[in-house]
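Colleague: I am new to this one, so could you walk me through it? I have a few questions ready.

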Amino acid sequence: MTEKDIILKNLENINNNIEKACIKANRSVDDVKIIGVTKTIDIKRINILKELGIKTFGENKAQELLEKYDNIKDVSWHFIGNLQTNKVKYIIDKVDLIHSVNSLKLLSEINKRASYINKNMPILLEINIANEKSKTGLLAQDLPYIIDEIENFKNITLNGLMCVAPFVENPQQNTQYFRKMRKLFIDISYKNKDNINMKYLSMGMTNDYHIAIEEGANMIRIGTGIFGKRNY
Ligand SMILES: *Cc1c(COP(=O)(O)O)cnc(C)c1O
């Protein structure tokens, strides 16, 4: 099989699973957006995915995003990895959504850099939903404080929440965490603030996106499921 055949077959498989999960959850497949996670993937294969209709890509390193940005046109880039504050200035004009905002310091830097270029930057807050020591992300208990501060950042719009759920053998084990995420998402939706507009619940990866969709995810971030195993 050619690279294109493989990616097409993988994508069809994913779309089937999305459909099944949506039927189970009584949701429309149009509600679920696939973010193609292109970290470590070469430009040729990213272009194949683009031809097959996925045009929103997630990268987790600023440098890698910059290299790809110049070579792949008419697509949307999302930042999904741990973002160092000193890298914000390089990507602020290039990304349409930052999924992984995990500190007040980062929020403040994004706001500052967005203001310099007169941009309003849509962001998601990353939640360390299972309180894992190995992971970045805000703890749920820190959310009220961050939410209170959001108003002060005029060049940011909070569009939702993101999480990376634990790596588990049985993805059903993550149901509890996805459910917690959805609760947090809904709670924040009730806040009446100018720059809060809760639209995206970014959760679910290759291992567990079907479960995440059943629990309300509307952005799923898939790498391995599309391209196969990454060679790190
Ligand atoms: C790598 C990565 C993904 C995709 O993971 P897969 O298991 O390959 O689908 C999703 N989200 C984030 C934040 C990632 O770093």
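Colleague: Let's begin with the ligand. How far does a polar side-chain atom of Arg221 lie from a nitrogen atom of the ligand?

Modeller: Happy to help, and please keep in mind that this is a predicted model. Arg221 is one of the residues around the ligand. A polar side-chain atom of Arg221 and a nitrogen atom of the ligand are separated by 2.9 Å.

Colleague: How much of the ligand's accessible area does the protein cover?

Modeller: On its own, the ligand has 390 Å² of accessible area. The part of this that the protein covers is 88%.

Colleague: And where does the ligand sit?

Modeller: The residues around the ligand include Val37, Lys39, Ile80 and Met162. As for its site, the ligand is found in the largest pocket.

Colleague: Which residue has a side-chain N or O atom 2.4 Å from an oxygen atom of the ligand?

Modeller: Two threonines among the residues around the ligand are worth checking, Thr206 and Thr224. For Thr224, a polar side-chain atom is 2.5 Å from a ligand oxygen atom. The 2.4 Å distance to a ligand oxygen atom belongs to the side chain of Thr206.

Colleague: Now to another threonine. Is Thr56 buried or exposed?

Modeller: Thr56 is part of strand β2, which spans residues 56–59. Its relative accessible area is 5%. Buried means under 20%, so Thr56 counts as buried.

Colleague: With which side chain does the side chain of Thr56 make a polar contact?

Modeller: Beyond its neighbours within four places in sequence, Thr56 is in contact with Lys33, Ile34, Ile35, Gly36, Ser76 and His78. The polar contact, at 3.2 Å, is with the side chain of Lys33.

Key. Residues numbered from 1 in each chain as written. Predicted model: local features only at pLDDT ≥ 70, side-chain atom pairs only at ≥ 80, totals over all residues. Heavy atoms only, no water. Helix = DSSP H or I, 4+ residues; strand = E, 2+ residues; numbered from the N terminus. Buried < 20%, exposed > 50% of the residue type's maximum accessible area, 1.4 Å probe, protein only. Polar contact = N/O pair within 3.5 Å; in protein donor to acceptor, adjacent residues only side chain to side chain. Contact = heavy atoms within 4.5 Å. Near = heavy atom within 4 Å. Areas by Shrake-Rupley, 256 points an atom, 1.4 Å probe, with all protein chains shown as cover. 1 Å grid on protein atoms, 1.4 Å probe; cavity = no way out; pocket = protein on both sides within 12 Å on 5 of 7 lines; lining within 4 Å. Sits in = over half its atoms within 2 Å of the grid points.
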